[in-house]
Amino acid sequence: MLAQPLRPPSPGRAAAFVGLFLLGALVAAAGALVQAAWFPGGLLLALAAAVGTFLGGSYATRSRGGAMAPAAGWIVTVILLTSSRPEGDFLFGAGGGSYLFLFGGMALAVICATLGAMRQPRDGSARLGK
């Protein structure tokens, strides 16, 4: 399986990855608002939603790429939300909960992308998953 040439994903799979990227961005924006509003429960809820999105994408596509697409959307959105505007406002406060959300979410994204569902060979000669 590793020696085969790379092929572009099918249009349906590419659309699923784009949808998962956007879902990750939506979960990041919602988590940024919830984690500060109901600390510490909001922080746990926001991180649980992120983990659910990452693992759900992995299991839905049966690949690690399914976890990486929402993780990429989540990380890009969180990084964009941390930047301040010229007026001086920003979405994240300087408290410990914001840092736990940022770094905890990034660590969970890496964990979920690493441990996510892997595609198994279709050949019946392997005993994987049996």
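Contact here means heavy atoms within 4.5 Å. With that in hand, welcome to a short tour of this predicted model.

**View 1. The whole chain is built from four helices and zero strands.** Reading from the N terminus, you will meet the elements in the order α-α-α-α. Of the contacts between residues at least 6 apart in sequence, 72% join residues at least 24 apart. The chain has 130 residues, and buried ones make up 30% of them. About 8,300 Å² of the chain is exposed, with carbon and sulfur atoms supplying 70% of that area.

**View 2. The largest nonpolar core brings together 15 residues.** Look for Ala50, Phe54, Trp74, Val78 and Phe101, the residues with the most contacts inside this core. Two or more core residues come from each of α1 (11-37), α2 (41-61), α3 (65-82) and α4 (96-115). Helix α2 gives the largest share, five residues. Ala50 is a good place to pause: setting aside its neighbours within four places in sequence, Ala50 is in contact with Val27 and Trp74.

**View 3. Helix α3 turns its buried residues towards three other helices, packing against α1, α2 and α4.** The buried set in α3 consists of Gly66, Ala67, Ala69, Pro70, Ala71, Gly73, Trp74, Thr77 and Val78. Two of the core residues with the most contacts, Trp74 and Val78, can be picked out here as well. How far should the 18 residues of α3 span? At 1.5 Å a residue the expected span is 26 Å, and the end C-alpha atoms are 25 Å apart, so the two values agree.

**View 4. Thr77 sits in helix α3 and uses its side chain to reach back to the backbone.** The partner is the backbone oxygen of Gly73, at 2.8 Å from the Thr77 side chain. Is Thr77 buried or exposed? Its relative accessible area is 15%, which is under the 20% cut-off, so Thr77 counts as buried. Leaving out neighbours within four places in sequence, Thr77 is in contact with Ala25, Ala28 and Ala29.

**View 5. Thr61, a residue of helix α2, has side-chain polar contacts with the backbone of two glycines.** One of these pairs joins a polar atom of the Thr61 side chain to the backbone oxygen of Gly57 at 2.9 Å. The other joins the Thr61 side chain to the backbone nitrogen of Gly66 at 3.5 Å. With a relative accessibility of 10%, Thr61 falls under the 20% cut-off and therefore counts as buried. Beyond neighbours within four places in sequence, the contacts of Thr61 are Arg13, Phe17, Leu20 and Gly66. Gly66 also appears among the buried residues of α3.

**View 6. The spans that UniProt annotates as "transmembrane region" are residues 39-60, 67-84 and 96-118.** These positions come from an unreviewed UniProt entry. In the model, residues 39-60 are 91% helix and 0% strand, with end C-alpha atoms 31 Å apart. Residues 67-84 are 89% helix and 0% strand, and here the end C-alpha atoms lie 29 Å apart.

Key:
Residues are numbered from 1 along each chain as its sequence is written. This is a predicted model: local features need pLDDT of at least 70, side-chain atom pairs count only at pLDDT 80 or more; totals for chains, interfaces and linings use all residues. Side-chain values use heavy atoms; hydrogens and water are left out. A nonpolar core is a set of buried Ala, Val, Leu, Ile, Met, Phe, Trp, Tyr and Cys residues joined through side-chain atoms within 4.5 Å. Buried means under 20% relative accessible area, exposed over 50%, partly exposed in between (1.4 Å probe, protein chains only). The expected span of a helix is 1.5 Å times one less than its number of residues. A polar contact is a pair of N or O atoms within 3.5 Å; within protein, one must be able to donate a hydrogen and the other to accept it, and residues adjacent in sequence count only if both atoms are side-chain atoms. Accessible areas come from the Shrake-Rupley method with a 1.4 Å probe; for residues, only the protein chains shown count as cover. UniProt positions are given in the numbering used here, feature names are shortened, and annotations may be inferred rather than shown by experiment.
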